[in-house]
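Work through the exercises below with the model open beside you, and try each task before you read its solution.

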Amino acid sequence: MRHPRWRSLFRGTLRSIAVWAVSTLTMLVLAGLLPDFQLQSDTGDSATRIAVTAAAGAGVFGLLSALAWPVLVRLLLLVPALVLGLLVFFLNGSLLLVALRLNPSGRGEAAPETAVVVAAAMSAVASATGAALAVRDDDAYRRRLYRLADRRRRRRAADRSGPSSPGTVFLQLDGVGHDVLTDAVLKGVMPTVAGWLGVAMGTARVPAARAGGADDPVVTPATVPGTAPAQDAAATAPTHRLIPWRTDWSSQTGASQLGILHGSNHDVPAFRWYEKDTGETVVANRPTSAAELQRRAVERTGHAGLLAVDGASRGNLFSGGAGEQALVLSIAIRRRGRENRSRAGYFAYFSDPANAVRTALSFVAEVCREIAESTRARLREQRPRVGRGGLYPFIRAFATVVERDVVVASVMGDMLAGRTAVYADLVAYDEVAHHSGPHSRDARKVLARLDRALALIAHVAERAPRPYRIVVLSDHGQSPGETFQSRYGLGLGDLVRAGCGLPVPRAAQRTHSGAEARAAVRAALRRPVEEDGGRHRHPACGTARTGGRSGPAPLPAGEPVVLASGNLGLVSFPDVPHRMSKEEIDRRHPALLSTLANHPGIGFLLVRSEEHGGVVLAAHGVEVPVDGLSDAHPGPLADFGPGAADAVRRTHSFPHTADIMVNSWYDPADGEVLAFEEQIGSHGGLGGAQGRPFLLSPLELAPPVEDGAELVGAEAVHRVLVRWLRESDGPQIPVEVVPGTVVPGPAERTPAATGDDADERAA
C-alpha cells in the first residue's frame, strides 16, 4: 500500500510479459498453419531455436507497433476516412515484415500477403490478452482511456483539479425515433437506457403515463406508454426521464442540429434546396453548405452556439461554437489549428495500434455483414427493398464502426479532460435504417451496439475529474415505406416533367402516372400530342390557347430543378428570379399543380399565392390558405397530426422556400410514407415517426417543459439545453437574442424556472 507506483509498474511488467508470451505462441501457431510464413532456415532448426526466433520476432513487432504507429497515423490524416480502415491491415503487415528483417536470428520470412494476415492475428490476440488481463485493474483501464485523448487534452486534465460543478454530455442518436427507442427498451435491446428509466429487463410491466400534448404518450420515470404497473424486483430506481419532441416540417439532421446547436434553423426548408439568388444547390451535409448555414445561424442569433464556452463538438454537421472539434463537417473546408481540426479525432484514436486493428477488423466484419444481409433480403424477395450494392457496404461500415469508435473515444477524452459541455452525434442507426428499414433486424443490432457505447461513456463518467450529466436525444425519427419510384414506376422528377409537358424517359411514359400527367397536359393546353419518330413531344407549356383566343401572356419556359429530401420534394424554376406564385405557375404550366395535387402518392403541396399569400393544395381541387389552417381546422393536413399547420406556415415564411413544396402521401394507420429518394426508412417531411424524436435527461435537471406542454421545434430544444447548462453553472449562452433587448446578467437569471416562457424571461 505504501508503494502504489511500484506495484502498478510491476503489474504492467507482468502484463507485458504475458502479452509477449501469447504473441510468441500465436506466431508459432501461424507459422505451422501458413505455408508462406516460416521461422526456421531451409535446412531446419531445433524447436528451441524456432521458439527463440518467434519470441524475438514478436518482441520486435510489438516495439515497432508502439513506436511507429503514432507517426504513421499522423501521415494517414491525409488519407480519405473511408479507406483509412483498410490501410491499417497493409501497414500492420509492413511492420511485421520489418520486424522479421530486424530479427537477430535472421530466420523469419513471410510473403507480403501472408504478413498482413499474421500481423492482424497477432495484434488482435495481443489486444484481447491485454484487455483480459487488465479488465479488473482500474488503473490500467484509466490509463488506456487517457491514451485515447491527445497530448493537449492530457495536459489540461493533469493541470486542473476538477471543477465541482457538473459537466454535461449531449449524445445524439441520429434518426432514432421515440417509438423506436421505447420499443427497444421493452424488448431488452437497450439495457443501459432501460436501467436509466427504471425498466426491468424482460418485462413491459411498468406504469403508464401521459404527458406533453393530448395525443403524445411519453416515457417518464419508470414508465413506458400503454403498459401496466411493474412488480419485477429487477427494476431499479429511475435516473432519467424520457419525452418526445416534435420537429419542424424539415425533419432531418441539417435543420434539427442547426437549431439545437446554434439556436436557429430559420430558412432551412429541407435537406437540399435550390437558392435562386446564388444559383446554387444547398446540401446540408456538404462542407461548404454546412459552413454557410452555420454562418447564417450565428449571424441571426448573435452568439456562437451551445458549445461556445469550453465545449467540444464531435461527429456533427455544425460546430456549435466549440473550440474542440473532431469530424465536424462545417470546418472541413477551413484551415484549423492542430487541436481543433476536423480530423484530429482520428489521431487521438488510431495512435493506439490495438484500437486501429480492432476497428479495422470490425470494419471488415461490418462490410461482410451488410453483404450477407442484403443478399438474404434479395433471396427472400423482401419488400420494400432498395439497392445496397456499390460502395454502400463500406459507407455503412464507416458510419457504424469507424465514426462510432472515434466519436465515442473523443467523448471519453473530453470527459477525462473535464470539459464543460460536449455534443456528439452517432449516425450508425440512421445510416442502416435508411436501407434496411427502421424496425429491421439490422437496425436493432445497431441499437444494441449504441447502447453499449452509452454504457461505456457512463462508466467513464464515474472516473472523470468532475461529475457529468448525460443527456441523450435524437434529431428526428424515421418513417417506413416503399419509395415513390418503386410504387408508381416513375420518380418525382419525371412526374414534374410530365406535368410540364417536357420529355420523360420511355419507361416513365408507359406508367399510369406518366400517362395521366401527359393527358392532363393535353387537356390543359387543348393541343394534341405531336409524334416525331416515335417520341412524344408537347408544345411549349406556356402557350395555352382556348378556342383560338389567347390567354394571359405566357412566361418563358424553363427546366425545373426537382430535389428530394426523404418524403419531401422541392420544385424550383431557376429562370424566374423570385418565388413563383400559383398564378404564375398555372400560366406557364397549366397542368402541373393539378397533376401533382391529384396524384395518389402525394399528400399536399405548398405554393405562394398572389391572393392569399400561401395556399395548401390537395386532391380534388382542395385549396386552403395557410393562414386558415390550424390544429382545430387542419384541412388537407388532418392526417399529418397536430402541429402540421404551424410547421407548414413557418416554412412558407422562409426566403428560400421552393416554388412548389411537395409532401408525399402518408398512411396514419401504418405510419408509412413514400420517399422520393431510394430509402425504405426516410425522414425530411411530415408524416409518422420521422417527426417524433426523443429527449432523455437526468432527473436532477429541471423538466424540459411544464406538465401538459409540448416541446416543439429544434430551436425550443436549444433553449432547453441552454437552460440546463445554466442550471449546472455552465456556459451562459443567451437563449434568444432580439435586437434592442438587453440580456440580463447572472444575478437576474432564474435557473429554477422551467418551460419556454421561463426561458424568454431569463433571456
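**Exercise 1. The chain as a whole**

How many helices and strands does the secondary structure of the chain come to?

Solution. The count gives 24 helices and 25 strands, where helices (H or I, at least four residues) and strands (E, at least two) are DSSP runs numbered from the N terminus. Before going on, note that this is a predicted model, in which local features need pLDDT of at least 70 and side-chain atom pairs count only at pLDDT 80 or more, while totals for chains, interfaces and linings use all residues. Residues are numbered from 1 along each chain as its sequence is written, and side-chain values use heavy atoms, with hydrogens and water left out. Next, take burial: of the 763 residues in the chain, 55% are buried (under 20% relative accessible area, with exposed meaning over 50% and partly exposed in between, for a 1.4 Å probe and protein chains only).

**Exercise 2. The antiparallel sheet**

Find the order of the strands in the open sheet of 6 strands, and explain what sets its edges apart.

Solution. Reading across the sheet, the order is β16-β17-β21-β18-β19-β20, with antiparallel pairing; two strands pair if DSSP finds at least two bridges between them. The edges are β16 (561-565) and β20 (622-625), and because each has a single partner strand, one side of each is left without a neighbour in the sheet. Neighbouring strands are turned by 20° against each other on average, direction ignored (axes are lines fitted to C-alpha atoms, for helices over the stretch in contact, and angles run from 0 to 180 degrees between N-to-C directions). Inside the sheet, β18 (residues 602-609) and β21 (residues 660-664) pair over 5 bridges in the antiparallel sense, and L605 has V662 of β21 as its bridge partner. Finally, add the helices: α17 (residues 492-500) lies across β16, β17, β18 and β21, at about 150° to β16, whereas α22 (residues 644-652) lies across β18, β19 and β21, at about 40° to β18.

**Exercise 3. The mixed sheet**

Which strands stand at the edges of the open sheet of 7 strands?

Solution. Start from the order, which is β4-β25-β10-β3-β9-β7-β8 with mixed pairing. The edge strands are β4 (240-244) and β8 (324-326), each of which pairs on one side only, and the twist from one strand to the next averages 15°. One parallel pair is β7 (residues 311-314) with β9 (residues 421-426), joined over 4 bridges, and here G311 stands opposite A421.

**Exercise 4. Two helices side by side**

Decide how the directions of α14 and α15 are related.

Solution. The axes of α14 (residues 428-436) and α15 (residues 441-461) come within 9 Å and cross at roughly 175°. The two helices are therefore roughly antiparallel to each other (angles under 35 degrees count as roughly parallel, over 145 as roughly antiparallel, 65 to 115 as roughly perpendicular and the rest as oblique). Among the residues that make the contact (heavy atoms within 4.5 Å) are Y429 and V432 of α14 and V446 and L450 of α15.

**Exercise 5. The nonpolar cores**

Which residues touch the most other members of the largest nonpolar core?

Solution. A nonpolar core is a set of buried Ala, Val, Leu, Ile, Met, Phe, Trp, Tyr and Cys residues joined through side-chain atoms within 4.5 Å. Of the 57 residues in the largest one, L173, V411, M415 and Y429 touch the most other members, and helix α13 (residues 392-416) gives the most to this core, with 11 residues. A second, separate core has 55 residues, including F604 and L695.
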